[in-house]
Amino acid sequence: MRAIILLLTGAALLASPSRLPAQTPIEAFWALVSGTSLEMEAADQLIMDYWDDAHASILVELMRYVPDEASRRRIVSVLERGTGQRIGRDLEGWWEWIWRTDPGTHPEYAAFKAELYATLDPSFEEYFDDDPPANIRLDEIRWGGVGRDGIPPLDHPKMITAAEADYLDDDNVVFGIALDGDVRAYPKRILAWHEMFKDSIAGEHYTGVYCTLCGTMILYRSAHQEMHHELGTSGFLYRSNKLMYDRATMSLWSTFAGEPAVGPRVGRGIRLEPRYVVTTTWGEWRRRHPETLVLSLDTGHERDYGEGVAYRDYFATDRLMFGVPSLDSRLPNKAEVLALRFSDAPGEQLAIWVRYLSRNRVYHDRLGETGFVVLTDASGASRVYESAGRSFTGWDGGRAVLEKDGAAWTVEEDALTGPEGARLERLPAHRAFWFGWYAQYPETRLVRR
């Protein structure tokens with residue numbers, strides 16, 4: 001039916017050019033790759049007769065999924081004639097051009113995405129149907145290659161004691177969480193296969209999100225203003241960063257920001273509260289917290305949970321799997337940074353090169369009105385605490401840190417505790433690959449000296 005409508009519309013337009021529509025019908029793009037020879041010819045001419053650079057996003061997105069060489073050649077031909085660019089079949093090159101020039105979007109672009117991705121997973125249609133509100137560009141949302149929850153989150157996974165965790169070696173990377181006396185370790189080697197866990201910690205529900213592509217582990221309170229948000233893995237990416245979804249409204253959520261990015265939840269002031277998490281080694285975490293619980297290998301899924309198995313090839317190079325609008329060469333793409341963004345200074349972001357912190361175990365800085373100190377231990381694990389105007393000069397790498405005046409403070413997971421009950425609270429921070437953090441926050445300040 002779509003092709004017949006297109007053919008009739010195209011024939012009328014070819015006969016009466018003054019009757020061109022306000023915008024090329026979305027049916028023309030479908031007919032370009034799925035119609036009869038006559039319909040494809042009519043579609044080609046219709047698209048070109050009323051070319052707009054906003055058409056490029058639709059054509060490039062189609063090019064990734066058409067099954068035959070002839071359709072790809074036809075799409076490239078239209079793209080090059082319309083834009084005047086000679087990029088050929090380089091998908092990433094076309095996306096870079098689109099993101100750089102920002103040609104706008106076809107008014108039916110969201111409906112097109114809904115129909116296109118429903119052919120891959122029928123549930124995908126819900127993300128884009130009905131022209132949803134968005135605070136990110138829809139043409140920067142890329143499919144990651146899996147279905148909804150195709151990378152299965154761990155829901156209240158089985159935990160075991162440290163003594164039972166004989167599958168872990170001391171140098172294995174873990175994400176350590178200690179909240180109100182509830183101490184847990186989530187090994188990277190397991191989360192790389194699942195990218196999300198939902199768990200009750202210290203009597204409260206949390207969502208932990210690990211984006212393997214951008215090297216980020218963030219822990220969020222699952223509730224905002226007493227409303228619980230049940231999140232999952234959408235299957236889509238924004239600037240190579242995992243997009244979550246909520247099951248109540250099918251809104252897409254930003255992992256870095258912890259807020260809705262596309263869908264009914266956008267614009268409602270919802271932002272999940274991040275909590276602190278530390279990237280460290282199993283040996284160091286167990287030494288500090290012998291009472292810790294740790295994920296069991298009994299996840300209910302069959303995976304090779306060996307250290308470094310998941311994404312081995314990706315982590316081994318500086319190349320990206322999905323392009324981003326811009327890169328910054330001050331650091332290698334996958335150099336790890338400690339990323340900070342505080343709620344009282346939403347317009348400011350800070351990235352500190354992890355290698356710099358390893359050489360400066362006590363580091364002071366400020367973000368907005370909040371002064372803080374970063375303490376980095378021998379394993380490379382960094383913890384961030386408010387400093388409240390105090391200056392710390394020495395740390396034994398364990399429990400004791402010294403203030404400039406000689407006063408001794410104790411390093412705890414949730415705070416620094418000092419003389420006469422003084423207390424400096426722990427602040428949220430997390431690791432990230434430099435390219436991923438910069439792609440999300442290109443105005444970020446970088447410390448790398």
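**Note on the predicted model**

1. In this predicted model, the mean position of the 50 positive charges of the chain and that of the 67 negative charges are 4 Å apart.

2. As for overall make-up, the chain has 13 helices and 29 strands, and its C-alpha trace spans about 85 × 45 × 40 Å along the principal axes. Of the 449 residues in the chain, 57% are buried, while the area that the chain exposes comes to about 19000 Å², with carbon and sulfur atoms supplying 48% of it. Among the contacts with a separation of 6 or more, 61% are made by residues 24 or more positions apart.

3. One sheet deserves a look in the viewer: it is open, is formed by five strands in the order S2-S6-S7-S8-S15, and has mixed pairing. Its edge strands are S2 (154–155) and S15 (274–275), each of which pairs on one side only. Within this sheet, S7 (residues 204–211) and S8 (residues 216–221) run antiparallel and are joined by six bridges; to find the register, one can start from Thr207, which stands opposite Tyr220 in S8. As a reminder, strands of a sheet pair through backbone hydrogen bonds, either parallel or antiparallel.

4. The structure holds 27 aromatic pairs, and one of them is formed by Tyr311 and Tyr314, whose rings are edge-to-face, at 6.4 Å centre to centre and with 80° between the planes. Are these two tyrosines buried or exposed? Tyr314 counts as buried because its relative accessibility is 7%, under the 20% cut-off, whereas Tyr311, with a relative accessible area of 27%, lies between the cut-offs of 20% and 50% and is therefore partly exposed.

5. Phe392 and Trp409 form another aromatic pair, again edge-to-face, with 5.6 Å from centre to centre and 85° between the planes. Which parts of the chain does this pair tie together? Phe392 lies in strand S23 (residues 392–395) and Trp409 in strand S25 (residues 408–411), so the pair links parts that are 17 residues apart in sequence. Both Phe392 and Trp409 are buried.

6. Finally, there is an aromatic cluster to inspect, and the question is which residues form it. Tyr65, Tyr117, Phe124, Tyr127, Phe128, Trp143, Phe236 and Tyr245 together make up this one cluster.

Technical notes: Residues numbered from 1 in each chain as written. Predicted model: local features only at pLDDT ≥ 70, side-chain atom pairs only at ≥ 80, totals over all residues. Heavy atoms only, no water. Helix = DSSP H or I, 4+ residues; strand = E, 2+ residues; numbered from the N terminus. Buried < 20%, exposed > 50% of the residue type's maximum accessible area, 1.4 Å probe, protein only. Contact = heavy atoms within 4.5 Å. Areas by Shrake-Rupley, 256 points an atom, 1.4 Å probe, with all protein chains shown as cover. Lys, Arg positive; Asp, Glu negative; His and termini not counted. Charge placed at Lys NZ, Arg CZ, Asp CG, Glu CD. Pairing = 2+ DSSP bridges. Phe/Tyr/Trp six-rings, centres within 6.5 Å; stacked < 30°, edge-to-face > 60°.
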